[in-house]
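Q: Please give a close account of how the strands are arranged here and of what lies against them. Cover the pairing as well as the side chains involved.

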Amino acid sequence: MTTRPAGLLGLAGVVSGRRPAGPITRRLIREPVVLACLLAVTLLLGLAMVSWMSMVPAIALVLPLLFGGLFLAPRSLAWLVGTAAFCLVAGGVAIDVDQTFVAVTVVVGITAVVSLGLARSRARLGLQGTMGESMLVDLRDRLSAQGKVPALPRGWEVELVHHAAERSSFSGDFAVATRSADGGTLELALVDVSGKGHNAGTRALLLSGAFGGLLGSLPPEQFLPAANAYLLRQRWPEGFATAVHLVVDLRTGEYEVRSAGHPPAIHFHAGSGRWVTLDTEGGLLGVFDQDFYAPVCGRLRPGDALMLYTDGLVEAPRRDLSDGIDKLQGEAERLIAKGFRHGAKKLIDAVASSDADDRALLLLWRI
């Protein structure tokens with residue numbers, strides 16, 4: 001086992017009686033300095049407000065409060081809020097209180113409440129400043145990066161498009177994909193987590209990492225049972241998911257599709273010019289134990305295509321699921337003459353009845 005450098009530094013600190021300054025130590029060093037500066041600024045604003053009310057209005061007290069909400073802990077911010085309140089009381093005693101001063105006092109009070117709420121939220125996350133927003137952006141980017149399909153050999157094309165519900169940055173639909181060590185096999189899974197938007201996005205991020213680790217590490221027939229067992233162990237109140245698992249031999253075009261409560265895959269046969277629905281069946285992930293998911297086997301010949309999608313694309317409040325699948329197949333018929341390139345985006349735009357649910361579509365075809 002290799003010892004990490006951080007461990008060696010920590011050991012050296014213990015031996016010498018000193019510990020290396022980490023993020024928490026640096027935060028404790030910085031925070032009193034920031035608090036002292038903000039208190040000084042607030043007192044100066046209060047003094048200027050009492051002395052030159054026409055030049056320095058009371059609304060200026062909002063600025064240190066907003067800054068403190070971003071960089072101070074709740075306890076430190078409470079001192080700043082108390083100082084701002086003292087300045088307002090002093091200003092009210094020294095000058096005539098009118099409606100404008102009362103309105104400004106209300107605005108400063110609302111700002112203080114908002115800043116305290118922001119500080120408490122950051123304290124729960126253990127983050128400072130605007131790092132919370134940066135973390136969310138990083139999580140979103142990681143989820144997108146994990147869903148990228150690896151480059152395919154000549155003669156194969158793939159497109160994956162997903163739209164989050166109500167234009168959110170996070171989606172409960174995600175994909176994981178990998179190629180075998182020799183590059184001859186493509187394995188991927190399209191997953192739909194229960195819920196939508198931000199609520200489903202956090203679970204999707206966790207599951208995409210777990211499923212990405214399982215994919216390619218287990219024999220194909222064991223992937224969905226292992227994913228189901230993992231989800232069962234989480235014991236989430238709304239922890240179920242649907243998934244479709246595809247394994248394709250990129251040399252012969254032979255494939256296997258397994259489904260866990262997911263809408264059926266659709267195969268386009270270039271010879272007949274028809275889209276055929278594959279009858280895949282299997283229980284939802286995370287609901288009950290299931291050790292076997294029956295595969296549907298087929299072969300993609302030159303000109304053929306395979307379409308995987310989530311239920312948000314074909315379900316609607318007053319529409320049967322089969323009607324939605326028929327509509328999807330009907331729109332897919334128009335792709336045949338124009339080619340499949342950019343077809344995934346065209347189908348989502350044409351078929352989705354609304355943006356109330358997450359939706360994703362993967363199109364794989366052989367040239």
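A: The answer below goes through the strands, the helices on them and then the aromatic side chains. The model is a predicted one, and the description rests on it throughout.

Begin with the sheet that contains β2. This open sheet has five strands in the order β2-β3-β4-β5-β8, and the pairing is antiparallel. Its edge strands are β2 (173-179) and β8 (296-299), each of which pairs on one side only. Averaged over neighbouring strands and with direction ignored, the turn of one strand against the next is 15 degrees.

Within this sheet, β2 and β3 are linked by seven bridges in the antiparallel sense. A177 is one of the residues involved, and its bridge partner in β3 is L188. The two strands make a hairpin, with five residues between them. In the turn, G183 has a positive phi of about 80 degrees.

Strand β3 (residues 185-193) is also joined to strand β4 (residues 241-249), through nine bridges, and these two strands run antiparallel. Here V193 has A241 of β4 opposite it. Strand β3 is mostly covered, with eight of its nine residues buried. A helix lies over this part of the sheet: α8 (residues 220-234) crosses β3, β4 and β5 (254-260). The direction of α8 is at about 160 degrees to that of β4.

V193 also comes up in the surroundings of R203, a residue of helix α7. Leaving aside residues up to four places away in sequence, R203 touches V193, S194, G195, W236 and E238. R203 has a relative accessible area of 16%; the cut-off for buried is under 20%, so R203 counts as buried.

Helix α7 (residues 197-214) is tied to the edge strand β2 by a pair of rings. F174 lies in strand β2 and F211 in α7, so the pair connects parts that are 37 residues apart in sequence. The ring centres of F174 and F211 are 6.3 Å apart and the planes stand at 45 degrees, so this pair is tilted. Both ends of the pair are covered: F174 is buried at 3% relative accessible area, and F211 is buried at 1%.

The second sheet is also open and has five strands, in the order β1-β10-β9-β6-β7, again with antiparallel pairing. At the edges stand β1 (156-163) and β7 (274-277); each has a single partner strand, so one side of each is left without a neighbour in the sheet. Neighbouring strands here are turned by 15 degrees on average, direction ignored. The partner of β1 is strand β10 (residues 359-366), and the two pair in the antiparallel sense over eight bridges. Across this pairing, E157 stands opposite W365 of β10.

Helix α9 (residues 321-333) packs on this sheet. Its contacts there are with β6 (266-269), β7, β9 (305-309) and β10. The direction of α9 makes about 155 degrees with that of β7.

W365, already met opposite E157, also has an aromatic partner in F340. The centres of the two rings are 5.9 Å apart and the planes are at 40 degrees, which is a tilted arrangement. F340 lies in the loop between α10 (335-338) and α11 (343-351), while W365 belongs to strand β10, so the pair ties together parts that are 25 residues apart in sequence. F340 is buried, with a relative accessible area of 10%. W365 counts as buried too, at 7% relative accessibility. Both residues belong to one aromatic cluster, made up of F268, W275, F340 and W365. The model has seven aromatic pairs in its count, including F174 with F211 and F340 with W365.

One further helix shows how burial can be arranged around an axis. In α3 (residues 62-71), the buried residues are V62, P64, L65, G68 and G69. Viewed down the axis of α3, these buried residues fall within an arc of 165 degrees, so they line one face of the helix. An α-helix has 3.6 residues a turn, so residues three or four places apart point the same way.

Notes
Residues numbered from 1 in each chain as written. Predicted model: local features only at pLDDT ≥ 70, side-chain atom pairs only at ≥ 80, totals over all residues. Heavy atoms only, no water. Pairing = 2+ DSSP bridges. Helix = DSSP H or I, 4+ residues; strand = E, 2+ residues; numbered from the N terminus. Axes fitted to C-alpha atoms, helices over the stretch in contact; angles between N-to-C directions. Contact = heavy atoms within 4.5 Å. Buried < 20%, exposed > 50% of the residue type's maximum accessible area, 1.4 Å probe, protein only. Arc of directions from axis to C-beta. Phe/Tyr/Trp six-rings, centres within 6.5 Å; stacked < 30°, edge-to-face > 60°.
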